[in-house]
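Ready to poke around inside a protein? Grab a pencil and work through the exercises below, checking each solution as you go.

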Amino acid sequence: MASWLRQVARTPQQDSFELLSRPGMLSLALGLPAAELFPGDALARAAGSLSSVAALQYRAPEESLKPHVIELMSARGVRCSASQIFFTVGAQQGMSLLLRLLLDPGQEVMAEEISYTGFAGALAPHDCRLLTVPTNVETGIDVDAVEALLRGGARPRVLYVMADGHNPLGVSLPLEKRRRLAALAREYAFYILEDDAYGQLCFGANSPAIRSFEDRWVLYIGSFSKILAPSLRLGWVVVPEELAAELANVKEGSDLDVASFSQHVASAALGTGFLGKHIAALKEEYRQRRDAMERALAAHFPSSASWSHPEGGFFTWVDLPRHLNATQLLRRSADEERVAFMPGGAFSMRPGAGDSCMRLSFSYCAPAVIEDGVARLGRLLRSV
Ligand SMILES: Cc1ncc(COP(=O)(O)O)c(C=O)c1O
């Protein structure tokens, strides 16, 4: 095994899959899209309409999909051309390829102290120095702390951030912070990896993506997983043209292509013009599930707990009293209440961050199930 692997612990997701497979477990743990909202018919019709030569052969990236991405980007306030769009195997591969493209050993990388586990996974093989900055559920990444590190001499190559529907905090960044981050990237010449996997699913205020303020230093990562289906394994990045050519080399050495079948299915489905209505329906359903989560928390959790008010994405973040350890609680919760959640420590980029917090997903379960799960968790919390 390579030496970096010896330092990688079993991921919390792997543990929670084990818990979830126990019979009768109610899961508020995984951030899965609502299965009943998958556009199965639209995708099946699209698949049926394809010519096998186009869809089954090794192929160059599917140009007919790019105008649809350009439209999605325009909804995020970002203007881009087809030559700046690069398809990836989901947002996850987007971040992974960009890190391989940009990082040399020993370089600094900046991230929030509580962040997406998949980013930690993508970063793990790189021998880099991680600088963490505070973050919180109300206003997101502490931009003053970013600036203080930069003024103090930090020279990160990359800053990773989610401006909307943060996983796991659920926060969306205020407009002013987006502007300031873009300006700092320009001034100090570092790349922002803007992971916008949930950017099309803002059910509150819809602020423009960070890339709309800076197109040289902000590299945008998008995904069809949450708006079509994760099994397509289809995402994209928007980068300056000169990086796109180099990115193609990195991608080719990794896995040649994004599945042409997925690209063609997505393109044919989006060609029918159904996506606008579909996204509106998704936003409405997820907003209702967010509301159900908040009502249930207010009704069942002790007053010593507080939680985020997500304006997008799939997750609510709950702060418990400091003396509680959410990883220990999860074991009791699974054994005694048969409810699973993600303990906050799973998302910590700085040891100790988030230990007394839990991430509850409202995306996958119907409102009545959310209510039931939160009521059971509340019962457990009152007993500890
Ligand atoms: C913040 C964030 N980025 C990226 C991903 C990966 O998405 P994809 O399925 O597009 O690879 C996820 C998946 O849950 C996510 O939450």
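Here are four exercises on the spaces and helices of this model, which is predicted.

**Exercise 1. Work out where the second largest pocket sits relative to the two domains, and what lines it.**

Solution. Start with the volume: the second largest pocket holds about 580 Å³ of space. Next, look at the lining, which has 27 residues; the closest to the pocket's centre are Gly-31, Tyr-116, Asn-167, Tyr-198 and Lys-226. Then sort the lining by class, and you get 14 nonpolar, 9 polar and 4 charged residues. Now check the domains: domain 1 (3-38 + 277-383) and domain 2 (40-270) both give residues to this lining, so the pocket lies between them.

**Exercise 2. Find which helix gives the most to the lining of the second largest pocket.**

Solution. Begin with the helices that each supply at least two lining residues: helix 2 (12-20), helix 6 (90-102) and helix 7 (117-123). Then pick out the top contributor: that's helix 6, with 4 residues.

**Exercise 3. Search the whole structure for cavities of 30 Å³ or more and describe the linings.**

Solution. Step one is the count: the search turns up 2 cavities.

Step two, take the largest cavity, with a volume of about 50 Å³. Its lining includes Asp-196, Tyr-198, Tyr-220, Lys-226 and Trp-236. Strand 7 (residues 218-223) gives the most here, with 3 residues. By class, this lining has 5 nonpolar, 4 polar and 2 charged residues.

Step three, move on to the second largest cavity, at about 30 Å³. Among the residues around it are Pro-33, Phe-38, Lys-226, His-278 and Tyr-286. The class split is 9 nonpolar, 1 polar and 1 charged. As for domains, at least three lining residues come from each of domain 1 (3-38 + 277-383) and domain 2 (40-270).

Step four, look for a name that keeps coming back. Lys-226 lines the largest cavity, it is on the list for the second largest cavity, and it is one of the residues closest to the centre of the second largest pocket.

**Exercise 4. Describe how helix 13 and helix 14 are placed: what is the crossing angle, and which hand does the crossing have?**

Solution. First, locate the pair: helix 13 covers residues 326-337 and helix 14 covers residues 367-383. Their axes come within 10 Å and cross at roughly 120 degrees. Now compare that angle with the cut-offs: 65 to 115 degrees counts as roughly perpendicular, and over 145 as roughly antiparallel. Helix 13 and helix 14 are therefore oblique to each other. Last, the hand: this crossing is right-handed.

Conventions: Residues numbered from 1 in each chain as written. Predicted model: local features only at pLDDT ≥ 70, side-chain atom pairs only at ≥ 80, totals over all residues. Heavy atoms only, no water. 1 Å grid on protein atoms, 1.4 Å probe; cavity = no way out; pocket = protein on both sides within 12 Å on 5 of 7 lines; lining within 4 Å. Points joined across faces, edges and corners; volume = space filled by probe spheres on them. Nonpolar A, V, L, I, M, F, W, Y, C, P; charged D, E, K, R; others polar. Domains from an automatic or database assignment. Axes fitted to C-alpha atoms, helices over the stretch in contact; angles between N-to-C directions. Parallel < 35°, antiparallel > 145°, perpendicular 65-115°, else oblique. Left-handed = near helix turned anticlockwise from the far one by under 90°.
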